[in-house]
Amino acid sequence: MATSPTQLHQLSLLLGPDPSHFETLLSHLMSSSNDQRSAAEFLFNLCKQTHPDSLLLRLTQLLSSSSFPETRAMSAVLLRKHLTSATDDSFLYPKLTESTRSTIKISLLSSLQHETAKSVTRKINDTISELAAAVLPDGGWQELLPFMLQCVTAQNNHNLQESALLIFARLAQYIGETLIPHLATLHGVFLNCLNNSTSGEVRIAALNATINFIQCLTNNSDREKFQDLLPLMMRTLTGALNGNQEATAQEALELLIELAGGEPRFLRKQIVEVVGSMLQIAEAGSLEEGTRHLAIEFVITLAEARDRAPGMMRKLPQFVHRLFMTEDEDAGETSNYGFGQECLDRLAIALGGNTVVPVASEVFPAFFSAPEWQKPHAALITLAQIAEGCSKVMIKNLDQVVSMVMNSFQHPHPRVRWAAINAIGQLSTDLGPDLQMKYHQLVLPALAGAMDDVQNPRVQAHAASAMLNFSENCMPDILTPYLDGVVSKLLVLLQNGKQMVKEGALTALASVADSSQEHFQKYYDAVMPYLKAILINANDKSNRMLRAKSMECISLVGMAVGKDKFRDDAKQVMDVLMSLQGSQMEADDPTTSYMLQAWARLCKCLRQDFLPYMSVVMPPLLQSAQLKPDVTITSADSDADIDEDDDGSIETITLGDKRIGIRTSVLEEKATACNMLCCYADELKEGFFPWIDQVATILVPLLKFYFHEEVRKAAVSAMPELLGSAKLAVEKDQSQGHNESYIKQLSDYIVPALVEALHKEPEVEICVSMLDSLTECIQVSGPLLDECQVRSIVEEIKQVITASSVRKQERAERIKAEDFDSEEGELLEEENELEEELFDRVGDCLGSLIKTFKASFLPFFDELSPYITPMWGLCSGSFPLLEYFPACACLISPSYECLYWIFPFPMGIFCGLLAALTVLSQVLEKGKDKTAEERRIAICIFDDVVEHCKEAALKYYDTYVPFLLEACNDGSPDVRQAAVYGIGICAELGGSVFKPLVGEALSRLNAVISNPNAHHSDSTMAYDNAVSALGKICEFHRDSIDATQIVPAWLSCLPIKSDLIEAKVVHDQLCSMVERSDKDLFGSNNQYLPKIVRVFAEVICAGKELATEQTGSRMINLLRQLQQMLPPATLASTWSSLEPQQQLTLQSILSS
């Protein structure tokens, strides 16, 4: 930067021997005058660019020498920024000479020793901590640790002790492992500060340092050395409470909560004492609510830390009972009420029903029978809160649960009745659809009766709202008999109720219509006039929510009754919505959000008829989808709270030393908009083409929007819809002149972004959705994907499989935990199911790639083999090679010669055997823990390779077909189905390569077909596929089998009825064999002809289920011919073996 003579003079003054000029500059940087501050910033930046060493040395000098605390504080802040802010151009540390760096570090430690102002000390702490975090890992500050130990032992300087301990706490995660040789010293330091210090601030700092250090230790035995400090750590808390220092106690509680979440096992040996102390604090009515809430938060956090200490809290007697009694103390009169509800919900989810329900069952009877209304009210609220976490256990005791709630519908106090309605609504959500199916005859009349409680509008409104919960999980056939009464009641409430009642009635009507679908047509003419009247007339501010709910209701009713019924009213409704869309609405007006969703439902109802309205709908929708997250970041230890709006939509989280506030209402509107965009693309297909570019530009970056899961999910779901819309528009010549190159361009934008997002996605559930979306994109884009893109997908699939294996290993470690129990096992099973779902999508994605690229994909398949092969696992049953494998395995390396002499086969067979043994060694090594679903997926991938790569896949038969044969004996019917299907494809396409395996294949297929449980509902798909595979062997390898035995055996299995796809293939094959008068099929003297006729008859009577229309017609013609070939007595006997209805159907068909 060029400098003028004047600027050079100013610089010489600022950095000259008189520090007052620089001190004045700092005061101007803090000035309220924009001009003065801007001039100072210019000069400061000039110093930074031309004399960085001198600038930071001058700041260091002022930090230690200025008489003004605000100047010293500003110096510390600027030093921290320029020494540690590696993300911007302020970062000067790498540019400094080693001498300057050393001087600054020495000066910082000296300033810390001598600083007297607490606020400045805190800022020096921050600077030292952040600089040390950056340079210590590389050994860049050797003097720091001895200095800190010296400070901690400075008995008469509490400020210095506190500072050193706080720096220890901040640095633990960076230097914890390097301090392991000094564990004994640190233990003594922490012990002394926790036990002997007379300063509460030093004890809190020591607690902070101890907790952070314990969490950074990776070795259990190292952590155990600090176990004796736990009573002293707890004494820091109780001492503050006994000294009436609740602010200090709350600080201690927050630190202990951090320990409970991060390293709960450290508390295990003293868990009874620790939790007992926390419950005493929670029960102490004399303490502030904030203190009591933090004590409960500690206990809940400990219960939730199941990934680190599975089952530990379920072993603790009585704590759940005491916590229940603490939470049930009031009925909404204080902030304890809302906090207690949240905690009960979290507690039930963390501990599960087997632990929580027995305690609830013990507590509830006394509460329900108590004379004061607050007790049954509390029990009902509690029941509603624990339902989600206890659903599996509560469903087993549904009679008792429903009985408790329904009895309270008649309670004399309206707040108890309200709580009963609230409970039945929540139970309908958490215990549905079991509750709806078994108790609709009790619940629906009770809710309808509660709607008549005109003296208590809150009860009426809540009854209507509960109708929503009940009907959401309700099948139309259950709801339909009650519709007359329910709809008429709701219409009465719409006309006569108070506003909250009307809003509840609208919500209930919307849900009832949505659940009953076409059954609601009967009520449309009575309901729609009321809904339109509210939409048109509810214009003032007090009625905004009423109008918004009328939009919701109208759109759901329209979807339920269909376009034809809704058509006459649709235009009027759309016109009203369009006028509202163009009006100016306040930021908190719920109309915006409700209207976004109403438009999307109307689109689903009207489909292509909705296109004329898109030009009005899209602009505000795109605007909402582009909303930026409203985020506020402050220091975690800042005294300033993040301001919350009246709607309470600010959610705060603490990450490290930062507190982050996020306005959730903005994110929810954004998520709604993104979901709506996906909906329009899905419904309008090619009609959505004009908006594809805009929407793709908005949604593709949102694949990595980590502030809100629903936004990411919507963006993920939209990707294949956008590609599909573009493809259809091009195919139907509605793409505004664009051709296939446009689809390629869009695919090149979407697919790599989706793969990258999958790589970074932290949630397994969303990874599943992303793989789903990627598979659909592959199916749409097809060969437009280039080799580089296919490679990136394959590499990501490798990463997905690897990450899944790591998670599986972590779950295996959790099983070994000493407190692991059946409840934890159930939770683990849910995680395993999600992991299997992930593998299922991996199989789908690879299957789509194989189907699309066929033989050209095989090099990638070879790359993936080390990842897929272990998924075959070890199947139960006998595999001949396994008998020899232990002897062979040790001989495979280093020389194959001795193996060849043990098995003196022809070289081709020997090489195939060797390949199979090599793969088998991988399976034996890595496949022991594979689930049935993983085995099935691995087999399905190979099935796809065989089916779609045909001749090019023959080279894999020797390696993989033995595993297909082995899998026929698997304990899982799904695995058996995939295996026998693969054998059928190999038989059809394998030619001479499959021929040596025919005998073993027949044996394995026979085992599946003749299994005593073959016709059990779980096994029928495997049976049908085995029969189909047997038919393929009969067709393609007739010369390798005893056809006179095998073909009739195959015929005896027909018809097959479970796998409708294979049924059509098999019955078509039978038809063809009859048409060519297959002698093995007919048998000597046509002995099998009656069976053929029976099979034809059954297939024909089943309509289009078991055969295509063409095959059915061929069968009818053949049946007419076969009638002439059979003796009358045999024919009569054949007909009589059919069901009476089949006989009638067949006579009708044959006579027509």
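## Starting point

Helices here are DSSP runs of H or I with at least four residues, numbered from the N terminus. With that in hand, Q517 can be placed in the loop between α28 (499-516) and α29 (521-537). Please keep in mind that this is a predicted model.

## Two loop residues with positive phi

Let us stay with Q517 for a moment. Its phi is positive, about 50°, although Q517 is not a glycine. The relative accessible area of Q517 is 28%, so this residue is partly exposed.

K950 tells a similar story in another loop, the one between α45 (932-949) and α46 (957-967). Phi of K950 is near 50°, which is positive, and K950 is a residue other than glycine. With a relative accessibility of 39%, K950 counts as partly exposed.

## Two cis peptide bonds

Next come two prolines. The bond leading from G432 into P433 is a cis peptide bond, and its omega is near 0°. To find P433, look in the loop that links α23 (414-430) with α24 (434-450).

The other example is the bond between L1054 and P1055, also cis, with omega about -5°. P1055 sits in the loop between α51 (1043-1052) and α52 (1060-1075). Why point out these bonds and the positive phi values? Because most peptide bonds are trans, and most residues other than glycine have a negative phi.

## Helix α7 and its surroundings

Now for a helix that you can check with a ruler. Helix α7 covers residues 118-135, which is 18 residues. At 1.5 Å a residue, α7 should span 26 Å, and its end C-alpha atoms are indeed 26 Å apart, so the two values agree.

Which residues of α7 are buried? They are V120, T121, I124, N125, D126, T127, I128, S129, L131, A132, A133 and V135. These buried residues pack against several helices: α4 (52-65), α5 (69-84), α6 (98-114), α8 (144-152) and α9 (158-175).

## A buried serine in α39

Our last stop is S804, a residue of helix α39 (residues 787-815). Is S804 buried or exposed? The relative accessibility of S804 is 1%, and since buried means under 20%, S804 counts as buried.

What does S804 touch, once neighbours within four places in sequence are left aside? The residues in contact with S804 are then E835, L838 and F839.

How values were computed:
Residues numbered from 1 in each chain as written. Predicted model: local features only at pLDDT ≥ 70, side-chain atom pairs only at ≥ 80, totals over all residues. Heavy atoms only, no water. Helix = DSSP H or I, 4+ residues; strand = E, 2+ residues; numbered from the N terminus. Expected span 1.5 Å × (residues − 1). Buried < 20%, exposed > 50% of the residue type's maximum accessible area, 1.4 Å probe, protein only. Contact = heavy atoms within 4.5 Å.
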